Amino acid sequence: MAITAHTTPTIEEVKASADAAVKSLQNELRELNREIWSNPETAYEEHRAHDTICTFLEKRGFAVTRHAYGLATSFEALSGSGGPLINFNAEYDALPDIGHACGHNLITTSSVTAFLTLSALLKEYGIPGRTQLLGTPAEENGGGKAKLIDKGAYQGVDVSLMAHAGPKEIFPGVSGVAGLRMNARKELHVKYSGKSAHAGGNPWDGVNALDALVTSYNNVSVLRQQMQPDERAHCAFLDTPKVANVIPDTTRAYWQVRSPTLKGLNSLMGRVRKCVEAGAVATGCEVEIVENELYTDIKINSTLCERYAAHMGSYGRGVLAQHEKVLTGSSDIGNVSYVVPTLHTMFGLPDADGIFPHHASFAAAAGTDSSHEEAVVVGKSLALIGWEMVNDQATLEQARSNFREAIKE
């Protein structure tokens with residue numbers, strides 16, 4: 001009996017299979033995107049998005065863990081067996097009042113597309129390998145990925161992949177960028193406690209918590225002149241007086257501090273903290289400071305960047321392998337990049353000329369058919385990276401080597 005030797009398919013054959021797998025799902029993927037975009041939900045309140053995505057996957061035969069890792073709006077879907085484990089991250093939280101103004105509906109679209117595509121490829125060709133789609137809530141505020149790391153969601157993952165939509169103006173002349181640098185970020189939650197008194201009758205008996213808050217804000221404003229160009233410190237006043245004739249005994253504020261590197265962030269946090277403490281010293285108030293919600297900077301993985309640029313090129317998209325400028329936003333995918341080799345790419349929206357994220361106009365652009373189509377192309381390219389990581393041990397080892405070197409810095 002003749003035995004036919006197994007031959008590994010060419011990348012062109014795999015790409016054709018990927019295109020065919022997605023073509024059969026194009027209407028369903030568009031409806032999934034539209035459902036999430038039309039019903040924006042904020043951090044840890046993404047119950048409808050969670051249920052919608054889980055049901056979508058379950059109807060297609062995938063094993064899905066709802067409310068995964070102790071988070072009510074997280075989920076995990078797994079497929080395949082043996083071999084390396086490729087993770088895709090789905091974000092679906094929105095911003096208050098302005099909906100999907102950061103385009104997280106498109107992150108879900110690209111990651112779901114990638115998961116479905118890689119799952120289909122592994123099944124079609126009978127290749128050992130596994131893929132994980134992880135629902136990661138609360139990226140805007142709440143650090144869902146950081147919590148998932150602590151819960152063990154990324155244990156055993158070999159490579160983590162995702163893509164974020166953005167305006168074309170960030171990278172003129174190309175349709176996207178593979179390696180994206182973003183600031184590390186941490187929060188300070190501040191409470192000043194003083195002593196109440198009548199503002200007109202005996203103000204000298206009061207200890208003014210509003211003065212402490214305003215003084216601290218002004219202190220940080222002075223500090224900004226000595227910050228590095230890409231560093232940021234911004235504040236929201238959460239609890240302030242509602243009447244003018246009472247010396248307030250309590251105020252609260254919420255700070256976010258950003259720097260291009262984790263080392264720089266730690267240094268800047270110390271300086272901002274002194275400004276906050278000085279407000280208490282100057283006014284005689286007590287101050288409580290809680291630091292939390294660390295988003296690290298993103299560790300660039302050059303191997304994953306190069307492969308993404310190559311696959312997007314096969315779809316006629318010119319992609320810059322790395323963007324040298326640090327974007328002053330932050331993301332909890334940075335935390336993942338300190339744990340496993342990670343790609344966090346950004347793709348330009350065709351209908352987003354002259355608009356930027358966190359604005360209602362960007363939310364409108366994130367809901368168009370052309371933006372959806374671009375997210376699907378991105379998802380297929382991510383799936384092809386996953387395919388290579390599963391089938392090419394040398395390329396996987398190269399990505400691991402890039403990761404080890406990056407986290408030494």
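Me: Happy to be looking at this with you! How many salt bridges are counted between domain 1 and domain 2?
Reply: Welcome! Keep in mind that this is a predicted model. One salt bridge in it joins the side chains of Lys325 and Asp230, with N to O at 4.0 Å. Between domain 1 and domain 2, the count of salt bridges is 2.

Me: Which stretches of the chain make up domain 1 and domain 2?
Reply: The C-alpha centres of the two domains lie 37 Å apart. The domain assignment gives residues 184-294 to domain 2, and to domain 1 it gives 11-182 + 297-407.

Me: How much area do domain 1 and domain 2 bury between them?
Reply: A useful starting point is that the size of an interface is often given as the accessible area lost when the parts come together. Here, carbon and sulfur atoms account for 39% of the buried area, and the total is about 960 Å².

Me: And which residues of domain 1 lose the most area to domain 2?
Reply: On contacts, 14 residues of domain 1 touch 13 residues of domain 2. Three residues together make up 46% of what the domain 1 side buries: Asp297, Thr328 and Ser330.

Me: Let's turn to the rings. Why is the pair of Phe62 and Phe115 called tilted?
Reply: The structure holds 5 aromatic pairs. In the pair of Phe62 and Phe115, the ring centres are 4.9 Å apart. Planes under 30 degrees apart would count as stacked and those over 60 as edge-to-face. The planes of Phe62 and Phe115 stand at 55°, so the pair is tilted.

Methods: Residues numbered from 1 in each chain as written. Predicted model: local features only at pLDDT ≥ 70, side-chain atom pairs only at ≥ 80, totals over all residues. Heavy atoms only, no water. Domains from an automatic or database assignment. Contact = heavy atoms within 4.5 Å. Buried area = accessible area lost by both parts, 1.4 Å probe. Phe/Tyr/Trp six-rings, centres within 6.5 Å; stacked < 30°, edge-to-face > 60°.
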